[in-house]
Amino acid sequence: MTDIKSSKRSTGFVRGALAAAALAVTGAAFWLTPAVSAEDAVVTPPPAMDEKAVAGSEKAIFAGGCFWGVQGVFQHVKGVSKAVSGYTGGDKDSAVYETVGTGRTGHAESVEITYDPSKVTYGQLLQVYFSVAHNPTQLNYQGPDSGTQYRSTIFAENDAQKKIAQSYIAQLEQAKVFPKPIVTTLETGKTFYPAENYHQDFLTLNPTYPYIVYNDLPKVANLKQLFPALYSEKPVLVLSASN
């Protein structure tokens, strides 16, 4: 595997070294139960406002820290046919991992999700996003990763998604679901650019990678535990394992 970790992300290895070592003894066994991780899941209520559950194909774009974990979570959600890691917020020329890593491109590491609203709605995707995919109270960082490229952002595809997201954030704030204010921002009119192939399906292809073990596998385990009706054991992958 090519060394693609920045020094900032490698600090997560130090903080989670003991936990990672214990959990990585057998990667497959970890999937059975949730474990100690960098971020705890939060139980969130269903959205009061949502889209109609009609058959079709729609897209949603979420950013919440390293895209490995966010992609890994949504690849296990029923009704999702594709979840691609990439960059959103800046221009095409700067949509390159090393350049985005400078934090000066306007891009955020993000995931473009293709889904069928008759099986999982935009509101339900938001519920998963706020509950298990990331911590929406962390401003311009997520766990061991810091910089605007790791910001918590919803890239609304249209006015309907924007309204649903605004309504849900207000609902969560009013219910005081989180101990700190939600810092998730809403951005519109931004283009998604797929990330390099070596980033795609990274969680599934590297289940014993220390960063994945400590920071991301628990998110998938929490998805299974908190959203059993939405959880799919088999992930939808962008690339085949042979690649």
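The largest cavity in this predicted model is lined by 13 residues, and those nearest its centre are Q142, G143, Y211, N215 and K219. Its volume is about 80 Å³. Helix α9, which spans residues 210-226, supplies the largest share of this lining, namely four residues. Sorted by class, the lining of the largest cavity consists of four nonpolar, five polar and four charged residues.

The structure holds two cavities of 30 Å³ or more. The second largest has a volume of about 40 Å³. Its lining is formed by E39, D40, A41, V132, H134, K219 and N222. Here the classes are represented by two nonpolar, two polar and three charged residues. K219 deserves attention in both places: this residue is among those nearest the centre of the largest cavity, and K219 also appears in the lining of the second largest cavity.

From the cavities the description may now turn to the chain as a whole. The protein chain contains nine helices and eight strands. Of its 243 residues, 53% are buried. Among contacts in the chain with a separation of 6 or more, 83% are made by residues 24 or more positions apart.

How are the strands of the open sheet ordered? Six strands take part, in the order β7-β6-β1-β3-β2-β8, and their pairing is mixed. The edges of the sheet are formed by β7 (185-188) and β8 (192-194), each of which pairs on one side only. From one strand to the next, the twist averages 35°.

Within this sheet, the pair formed by β2 and β3 can be followed in detail. Strand β2 covers residues 80-88 and strand β3 covers residues 108-115; the two pair in the antiparallel sense over eight bridges. To locate this pairing in the structure, the reader may look for A83, which stands opposite I113 in β3.

Two helices lie across strands of the sheet. Helix α4, made up of residues 67-74, lies across β1 (58-64), β2 and β3, and runs at about 165° to β2. Helix α7, made up of residues 159-174, lies across β1, β3, β6 (152-156) and β7, and runs at about 145° to β6. Strands β1 and β3 are thus crossed by helix α4 and by helix α7.

Two individual residues complete the tour. The first is P194, which is located in strand β8, one of the edge strands of the sheet. Is P194 buried or exposed? P194 has a relative accessible area of 54%, and it is therefore exposed, since the cut-off for that class is over 50%. Beyond its neighbours within four places in sequence, P194 is in contact with V84, S85, G86 and Y87. These contacts can be set beside a distance: the C-alpha atoms of P194 and T88 are separated by 8.9 Å, although the two residues are 106 residues apart along the chain.

The second residue is S94, found in the loop between β2 and α5 (97-100). S94 counts as buried because its relative accessible area is 10%, and buried means under 20%. When residues up to four places away in sequence are not counted, S94 touches T99, V100, T105 and H107. The two residues thus fall into opposite classes: P194 is exposed, whereas S94 is buried.

Conventions: Residues are numbered from 1 along each chain as its sequence is written. This is a predicted model: local features need pLDDT of at least 70, side-chain atom pairs count only at pLDDT 80 or more; totals for chains, interfaces and linings use all residues. Side-chain values use heavy atoms; hydrogens and water are left out. Two strands pair if DSSP finds at least two bridges between them. Axes are lines fitted to C-alpha atoms, for helices over the stretch in contact, and angles run from 0 to 180 degrees between N-to-C directions. Contact means heavy atoms within 4.5 Å. Buried means under 20% relative accessible area, exposed over 50%, partly exposed in between (1.4 Å probe, protein chains only). On a 1 Å grid over the protein atoms alone, a cavity is a set of points where a 1.4 Å probe fits but cannot get out, and a pocket is an open set with protein on both sides within 12 Å along at least five of seven lines; lining residues have an atom within 4 Å of a point. Grid points are joined across faces, edges and corners, and a volume is the space filled by probe spheres set on the points. Ala, Val, Leu, Ile, Met, Phe, Trp, Tyr, Cys and Pro count as nonpolar, Asp, Glu, Lys and Arg as charged, and the others, Gly among them, as polar.
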